[in-house]
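Could you take me on a short tour of this model? I have it open in my viewer, and I would like to know what to select next and what I will find there.

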Amino acid sequence: MRRPEVIGERDVVKTLHGERPYIFFDNAASTPALKSVFDRVSAFMPYYSNVERGIGYKSFVSTELFERAREVIHEFMEAPEDEYAVIFVKNTTEAINKLARKLRPIIGDGKVLTTEMEHHSNFLPWKKHYETEVVEVDKNGRIDVNLIEDKLKKAKGKIKLVAITGASNVTGYVNPIYEIADIAHRYGALISIDGAQYIPHKHISMKNGIDFLSFSAHKFYAPFGSGALIGKKELLDKGDPESVGGGTVKFVALDEVIWADLPEKEEAGTPVIIGAIALMAALEEFKKWGMEALEKIEEHLHEKLYKALGDLDGIKILGGERNNDDLPVISFVSEKVSPYVLSSVLSFEYGIGVRTGCFCAQPYVKKLLSVTERESESIKQDLLHGLLPEKGAIRASLSFYNTEEEINVLKEAIQDALSRDKIDYEYDPHFKAFVPRGFKFTLPF
Ligand SMILES: Cc1ncc(COP(=O)(O)O)c(C=O)c1O
């Protein structure tokens with residue numbers, strides 16, 4: 001089967017040197033939509049109606065497709081329906097916040113074990129609701145599973161949940177989630193995986209010991225506002241719904257409420273109908289193509305990207321040695337040019353889209369950059385004053401549809417920027433970015 005087609009692939013954009021094919025290396029933030037996803041959404045639109053209780057042909061079509069999307073997720077993630085609930089939400093962040101609030105009856109005054117590698121979305125919700133312990137990463141930015149076990153052992157049953165990312169959005173490192181699940185369970189803790197980065201690149205099987213999983217469809221080629229929380233039914237069913245209102249009840253009187261069963265109990269109000277159908281379309285296409293095919297291409301691109309960046313004088317890759325199966329996500333810095341200026345040269349002159357800063361993982365990026373206490377304070381002051389802090393990195397995150405040729409353009413662009421004596425860009429507070437002096441932005445339509 002042909003690989004899935006991506007909308008906007010090889011489109012041209014204006015640059016300072018004329019039109020160039022756009023090279024999108026910011027897939028870890030959001031991927032473009034698959035063509036099949038967009039086509040499915042377009043085909044569905046004439047039938048769009050609210051779901052569940054409408055009586056009418058279009059309501060039946062909407063409800064059928066919405067519920068089928070749930071079944072497809074169960075199947076794709078190997079999460080049997082009798083054991084797991086799939087709850088539609090708007091993104092990973094919402095899923096983790098929901099889970100953190102939902103687990104109150106289970107975690108109580110126990111602790112949550114998380115790691116220094118986490119995106120803020122898998123750190124702050126736990127910190128807000130519970131006492132947390134943090135497993136530090138080693139000098140290369142990796143998690144040592146022995147440290148997870150040490151913490152669990154020392155906590156003597158007080159740690160009730162291990163909340164860890166499947167893969168880092170900064171280094172692309174993949175964590176051994178099934179091994180960590182085993183360890184967690186051995187010490188009586190549950191495990192929640194932040195799948196925001198893992199799911200678009202690796203196949204997951206929930207039944208291999210994963211209790212909870214959160215992910216976003218916009219990072220999985222279906223950017224129509226949905227995400228999902230998958231979790232063990234018996235655990236998610238405890239207590240009142242996290243959010244209450246329409247759809248969450250079976251019966252309401254002025255003095256009595258009987259909650260609905262899962263998953264409706266946890267989907268208050270009108271759910272993300274189009275987003276769920278879009279996600280289904282993406283999963284179906286990847287199922288047909290095979291996640292192994294995607295992984296194979298991405299491993300190859302990862303190797304090429306690592307080599308290209310590693311070959312460049314004056315470029316330092318964050319982290320240490322990489323494994324073959326780490327994600328094609330690499331963050332780097334230049335000793336000579338600020339990441340904010342370098343990324344602007346890539347964009348304005350070469351049509352390359354990347355991401356800069358700390359990628360919503362400030363503790364991890366600071367560790368990888370060996371930021372001192374004093375520098376950390378200065379970063380804080382810059383951020384509080386709305387300034388770009390000096391420290392930060394550039395992230396190139398690739399996907400199966402990127403090419404070796406694009407990696408070569410990135411390499412050439414970086415070489416060109418680093419060879420210049422002066423880069424005449426100025427800070428534009430509107431774009432929060434450096435732009436070529438005198439630059440005027442125009443929308444494409
Ligand atoms: C590892 C990780 N977790 C969580 C998130 C949050 O995802 P969302 O913005 O879709 O909620 C991201 C987003 O970049 C991420 O990379």
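Start by selecting Ser214 and Leu229: Leu229, in strand 10, is the bridge partner of Ser214. Keep in mind as you look around that this is a predicted model.

Now widen the selection to strand 9 (212-216) and strand 10 (227-232). Strand 9 and strand 10 run antiparallel to each other and pair over 5 bridges. Next, add helix 3, residues 92-102, which packs on the sheet. Helix 3 touches strand 4, strand 8 (190-194), strand 9 and strand 10, and its direction makes about 30° with that of strand 10.

Time to show the whole sheet. It is an open sheet of 7 strands with mixed pairing, and you can trace the order 4-10-9-8-7-5-6. Which strands are the edge strands? Colour strand 4 (84-89) and strand 6 (131-135), since each of these pairs on one side only. Turn the view and follow the twist, which averages 20° from one strand to the next.

For the next stop, go back to strands 9 and 10 and select Phe224 in the loop between them. Is Phe224 buried or exposed? Phe224 is buried, because 21 other C-beta atoms lie within 10 Å, and 20 or more count as buried. To see some of its surroundings, select Val41, Ala217, Ile274, Gly275 and Ala278: these are the contacts of Phe224 once neighbours within four places in sequence are left aside.

Finally, pick Glu406 along with Phe224. These two are 182 residues apart in sequence, and their C-alpha atoms are 27 Å apart in space.

Notes. Residues are numbered from 1 along each chain as its sequence is written. This is a predicted model: local features need pLDDT of at least 70, side-chain atom pairs count only at pLDDT 80 or more; totals for chains, interfaces and linings use all residues. Helices (H or I, at least four residues) and strands (E, at least two) are DSSP runs, numbered from the N terminus. A residue is buried if 20 or more other C-beta atoms lie within 10 Å of its own, exposed if 12 or fewer, and partly exposed in between; C-beta atoms are placed from the backbone. Two residues are in contact if their C-beta atoms, placed from the backbone, lie within 7 Å. Two strands pair if DSSP finds at least two bridges between them. Axes are lines fitted to C-alpha atoms, for helices over the stretch in contact, and angles run from 0 to 180 degrees between N-to-C directions.
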